[in-house]
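This report concerns selected local features of the structure shown below. Attention is given to loop residues and to backbone geometry.

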Amino acid sequence: MSIHSYFSLLPLLLLISRADALFGHSVLHCMFTSPDDAFYIEQIFFNKLLMMEYNSTVGKFVGFTEKAQNIAEDLNKSPSFLKAQKKKEETCKSHVSVALDTLLKPVEPSVRVRSVGAASSKHPGMLVCSVYGFYPKQIRVTWLRNGEEVTSDVTSTEELSNGNWLYQIHSYLEFTPVRGEKITCKVEHASLMEPKLSDWDPNPESQNNKIAIGTAGLVLGLVFLLAGLIYYKKNTVGRLLVPTS
């Protein structure tokens with residue numbers, strides 16, 4: 001997969017003496033498409049205009065105004081200065097593998113299957129399989145009906161960017177419910193050792209009932225515990241414990 005990225009590292013130069021003074025800054029870029037194809041760029045701006053640039057593929061500073069060209073020539077005659085630029089280039093290349101390992105690490109998606117309103121009169125029901133928070137972008141989402149892949153009445157969105165390197169996708173299945181059938185959303189992705197299968201529960205309220213029963217049991221247990229403590233405290237108040245010999 002081809003990647004084109006850069007790191008804006010830090011401003012090097014900031015000259016401000018009064019409100020109408022010149023403003024200058026320098027920006028460093030580490031540009032790469034792969035660990036073996038990386039180069040370093042340093043750009044110097046004054047009042048938002050690019051004045052000089054060092055590009056590691058050229059190996060020297062280049063000025064874009066007459067005065068900047070004179071400064072660039074002086075810098076290019078300095079072995080120590082060019083050596084420092086070369087060191088920055090080596091630092092850039094040494095960090096590319098670390099950056100790629102971080103940026104390209106697969107992120108496992110989360111999957112949710114639910115029923116939504118039917119979009120047409122062809123089928124009375126529609127399911128949506130929502131897949132969230134995955135990376136890389138490439139993913140395959142399919143529907144299974146009793147273990148067999150469904151190839152009709154299926155639509156899907158494109159992979160949608162979340163703006164934070166992660167993606168989401170939504171797949172829709174129009175269907176006519178049949179008692180006892182099993183409908184499954186199957187997700188295949190680089191982050192998964194095996195496909196992730198998520199079954200549709202035609203009675204989602206059953207899960208809510210289980211949660212409600214568990215909560216009620218917990219509350220009832222707390223009530224009995226509190227009643228026991230009150231009873232114990234009431235029957236021990238005023239008693240004098242006499243040690244036995």
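The following paragraphs treat one loop glutamate and then several points of backbone geometry in this predicted model.

**A glutamate in a loop**

Glu 181 is located in the loop that joins β11 (167–175) to β12 (183–189). Its relative accessibility is 19%, so the residue counts as buried, the cut-off for that class being under 20%. A polar atom of the Glu 181 side chain lies 3.2 Å from the backbone nitrogen of Val 178. When neighbours within four places in sequence are set aside, the residues in contact with Glu 181 are Arg 145, Asn 146, Phe 175 and Thr 176.

**Backbone geometry**

Most residues other than glycine have a negative phi, and most peptide bonds are trans. Against this background, the peptide bond from Tyr 135 to Pro 136 is cis, and its omega is near 5°. Pro 136 belongs to the loop between β6 (125–134) and β7 (139–145).

Two residues other than glycine with a positive phi are listed here, each with its loop and accessibility.

| Residue | Phi | Loop | Relative accessibility |
|---|---|---|---|
| Asn 47 | near 50° | between β2 (37–46) and β3 (49–55) | 41% |
| Trp 165 | near 75° | between β10 (160–161) and β11 | 46% |

Asn 47 counts as partly exposed because its relative accessibility is 41%. Trp 165, with a relative accessible area of 46%, is likewise partly exposed. The class applies to values between the limits of 20% and 50%.

Conventions: Residues are numbered from 1 along each chain as its sequence is written. This is a predicted model: local features need pLDDT of at least 70, side-chain atom pairs count only at pLDDT 80 or more; totals for chains, interfaces and linings use all residues. Side-chain values use heavy atoms; hydrogens and water are left out. Helices (H or I, at least four residues) and strands (E, at least two) are DSSP runs, numbered from the N terminus. Buried means under 20% relative accessible area, exposed over 50%, partly exposed in between (1.4 Å probe, protein chains only). A polar contact is a pair of N or O atoms within 3.5 Å; within protein, one must be able to donate a hydrogen and the other to accept it, and residues adjacent in sequence count only if both atoms are side-chain atoms. Contact means heavy atoms within 4.5 Å.
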